[in-house]
Amino acid sequence: MTLASEVTGTGTAVPGAGHLPYANGASAAGVGGGAGGPGRRPPRHDPSSQRTPRRTPRRPATLTAEDWGYALASAVSSLSLCWLAFSVLTDGIGWFGFWLVAYLVFLGMLFVATYQRLGRLAAVDRVMTVVVWSVMGVVLVPLVWLVVYILVKGLPGLSLGFFTHTQRGVTPTQPATAGGGLHAIVGTVEQVGIALLISLPLGAMTAVFLNETRSSLRRPVRIFVDAMSGMPSVVSGLFIYATLIIPLAKDNALFGYNGFMAALALSVTMMPTICRAIEVVLRLVPAGLREAGLALGASRARVVWSVVLPTASSGVATAAILGIAREAGETAPLLFTAFGYNLMNANPFSGPQESLPLFIWRFIREPSAVEITRGFTGALVLMALILLLFAAARVLGRDRTKARHRRPSLAGLLPGRPPARPIAGVEDNAA
Amino acid sequence: MTTSAVARPPGPSAGEPARARRVVHAERSRADRFFDRATLGSGITVLVLLTVVGLFLLWQGRATWSSMGARFLTTTTWRPSSTSPEVGVLGLLYGTVVVALIAEVIAVPAGIGVGLYIAEFAPLGARKMLQGLVDLLAAVPSILFGLWGFFFLQEQIVPLSRWLTTHLGRIPLFATDRDAQLTSSFFIAGIVVSLMVVPIVASISRAVFVQTPPGEKEGALALGASRWGMVRAVMLPYGRGGMIGGSMLGLGRALGETIAVSLLLPQVPWISSHWLQNGGGTIAGFIADRAGNSLTVPSLMAAGLVLFVLTLATNLVASTIVARSRSGAGVDL
């Protein structure tokens, strides 16, 4: 970031010395004010430079060796101060608290040191730069840590049998590798699959409604979709429980605790996610393609079906995969609907069914260490599944961005042809 | 232009002025009519669905609403099964708000910082990958965060809580009962929830920050601003709507966070300023905790309705703020 940020001192820069900020060692400390405004501190006068004031251009965004030195010194002194405060003078604060306090003290010291040297503006700039850089790191650390932790805790219980066995005949005293989670994997696949079957058409239709029609209802529908996507997932489970299971379960096994009810609850939370992701993609389809289709006399339905959707197809696929990844880990809606079951139940339409999140949820609440390890193994498998889905979505997304410089092909306009080229610059809307 | 428009020129009859109006007929084909109806139908499904969610929660909780009335909102005790049932959501509501508040205090600055980093500070080549990592963080299921927080992070935070309460215990917020357990506290639950809020705030603030007009940024730099000066003078004001809206959306997520909080708090209604000590519960976590207990169903439904209305209101305000701000018009939440 050196863009246009060269600040020249008030005097005239000496040609030749211009790009050597500290060419004249003696005047280095006084040159400019950095970002702190030139002239804040008068330059130290060097007898040899009386006639031409030595003012050299300085790039405030460039860090010099001196800057690094000050930062390092601040870090060291902050660490020693915290060590003194927490290990010698008072009882311990734990590593978490130690680093938290040390970091804050470091920021304070860096500010004071830079303030003394370059002035307030430069000091604020340095401190905020450090803050922004470190915040990014601090946010990524838990992600890595979580993945590693679940890997370490879950691996001891993982064996090939996890994918081929259920919990049939497994007692709490057997080692964690006994039995497996096949029934949970089957349940997750069935429930999420049914949920996708329901919510993908509905979500895609709603996205088309929002983006391709001129209905006056679009505004309220958009508001409701937004509101629905923020609805806590436990409420959707409660909703299916209140609407179908309580009133109807007595007469009809289809509305008892089973995988289908879980799929319905999942689709309530999945639909808005998919709808909004698809809408983002539809918005990126060039208007020219639509207009060309209409100008050729195609009906609006035809244009959507043969032009818009094929053009956006890879984006729609990404939306679906991200929706699956999101729903595969949802636990709360299942508590009231699928209920959980220790044995295989491959029929989603009758009887309680297990799924990976429920498997984890039930085992980690058990008191025995072996059961908890089983739960962690389930968590490991779930995490691997989600990472795989996420990677698949990214790969699809990358293919689209590689096509950035191609022009949309006219082949997509003709009905019955393979989908047009992926569209450019689509960003995933995973949040 | 609601349908395919078939232009029918009136025909080049002689003597007519050149500016003759072209009559444009709008003919709707059967496919078009079906298309209109089908898309409208799915749109209406959404409207109906959300309304029905609220209505059924209200209907199934009617036993509680009729016996408790508005007192449901002002009662802390939760005794659904005794002969004189006394249930109220206030204790849980308090916990919900406290956990969300702690999560927001941590996550909003962190999320804005991450958004700023990806939009402005990060090396150009790394930006896409970093945004991918933030998206991945958003995709980690709540139950995994709960596992990690409960079995691992909790032990790491307890010494900090102990130090705070020993040395700063005179401040009410850091006070605890004598010999109190410091695990499963609002503080710890808030920290874990904040990890789930950060990606939401980060994605939305990044989306508004990257839209800052380059001319305004360069103008600030050309006037001699440092990079942070430019950020503060140009990017932060420009992205204000996105930052506020993103924080509100994160708040909605924090209020509705279920599984992780259910693991991390004992889930008993509790009102206390001792945030560092064991105790408390949130509405969503409490509902998950009591799932399968048929005695409490009406009161759980009533509590669910309160949570539904609370998150709905938060999210509506959030999307309104984002949509109305200067930067947020084209931003997808």
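Color chains A and B separately and turn to the boundary between them: about 8700 Å² is buried between chain B and chain A, with carbon and sulfur atoms giving 78% of that area. Keep in mind, as you click around, that this is a predicted model.

**Stop 1: the interface**

Select the residues in contact across the boundary. You should pick up 93 residues from chain B and 98 residues from chain A. For polar links, the interface of chain B and chain A has 8 residue pairs in polar contact, both partners at pLDDT 80 or more. Now highlight helix α1 of chain B, residues 30-60. That helix supplies 20 residues, the largest share of the side of chain B that touches chain A. Want to color that side of chain B by residue type? You'll get 60 nonpolar, 24 polar and 9 charged residues.

**Stop 2: a salt bridge from chain to chain**

How many salt bridges cross the interface of chain B and chain A? There are 2. Go to one of them by selecting Arg365(A) and Asp289(B), whose closest N and O atoms are 3.4 Å apart. Arg365(A) sits in the loop between α12 (356-364) and α13 (369-402) of chain A, while Asp289(B) belongs to helix α11 (residues 283-289) of chain B, so this pair joins two chains.

Is either partner hidden away or out in the open? Arg365(A) is partly exposed, at a relative accessible area of 41%. Asp289(B) is partly exposed too, with a value of 24%.

Stay on Asp289(B) and add Arg290(B) to the selection. The side chains of these two also meet in a salt bridge, 3.8 Å from N to O. Arg290(B) counts as partly exposed, with 23% relative accessibility.

**Stop 3: a network in chain A**

Next, show Glu66(A), Asp67(A), Arg117(A) and Arg126(A) as sticks. Salt bridges that share partners tie these four residues into one network. If you feel like hunting for others, the structure holds 15 salt bridges over all chains.

**Stop 4: along a helix in chain A**

Move to helix α7 of chain A, residues 259-283, and pick out Glu279(A) and Arg283(A). The two are 4 residues apart in that helix, about one turn. They form a salt bridge, and the closest N and O atoms are 3.1 Å apart.

Which of the two is buried, and which is partly exposed? Glu279(A) counts as buried because its relative accessibility is 5%, under the 20% cut-off. Arg283(A), at 37%, counts as partly exposed.

**Stop 5: chain B as a whole**

Hide chain A for a moment and view chain B as a cartoon. Its secondary structure comes to 12 helices and 4 strands. Chain B has 333 residues, and buried residues make up 55% of them. Among the contacts in chain B with a separation of 6 or more, 71% are between residues 24 or more positions apart. Switch on a surface if you like: the accessible surface of chain B comes to about 14000 Å², and 63% of that belongs to carbon and sulfur atoms.

**Stop 6: a buried arginine**

Still in chain B, select helix α6 (residues 186-209) and find Arg206(B) within it. Arg206(B) counts as buried, with 15% relative accessibility. What does its side chain touch? Add Gln131(B) to the view: the side chains of Arg206(B) and Gln131(B) make a polar contact at 2.9 Å.

**Stop 7: two backbone spots to inspect**

For the last stop, look at backbone angles in two loops of chain B.

- Ser184(B) lies in the loop between α5 (142-167) and α6 of chain B. Its phi is near 50°, a positive value in a residue other than glycine. Ser184(B) is buried, with a relative accessible area of 10%.
- Gln267(B) is in the loop between α10 (259-264) and α11 of chain B. Here phi is positive again, about 60°, although the residue is not a glycine. Gln267(B) counts as buried, at 0% relative accessibility.

Note on methods: Residues numbered from 1 in each chain as written. Chains lettered and ligands numbered in written order. Predicted model: local features only at pLDDT ≥ 70, side-chain atom pairs only at ≥ 80, totals over all residues. Heavy atoms only, no water. Contact = heavy atoms within 4.5 Å. Buried area = accessible area lost by both parts, 1.4 Å probe. Polar contact = N/O pair within 3.5 Å; in protein donor to acceptor, adjacent residues only side chain to side chain. Nonpolar A, V, L, I, M, F, W, Y, C, P; charged D, E, K, R; others polar. Buried < 20%, exposed > 50% of the residue type's maximum accessible area, 1.4 Å probe, protein only. Areas by Shrake-Rupley, 256 points an atom, 1.4 Å probe, with all protein chains shown as cover.
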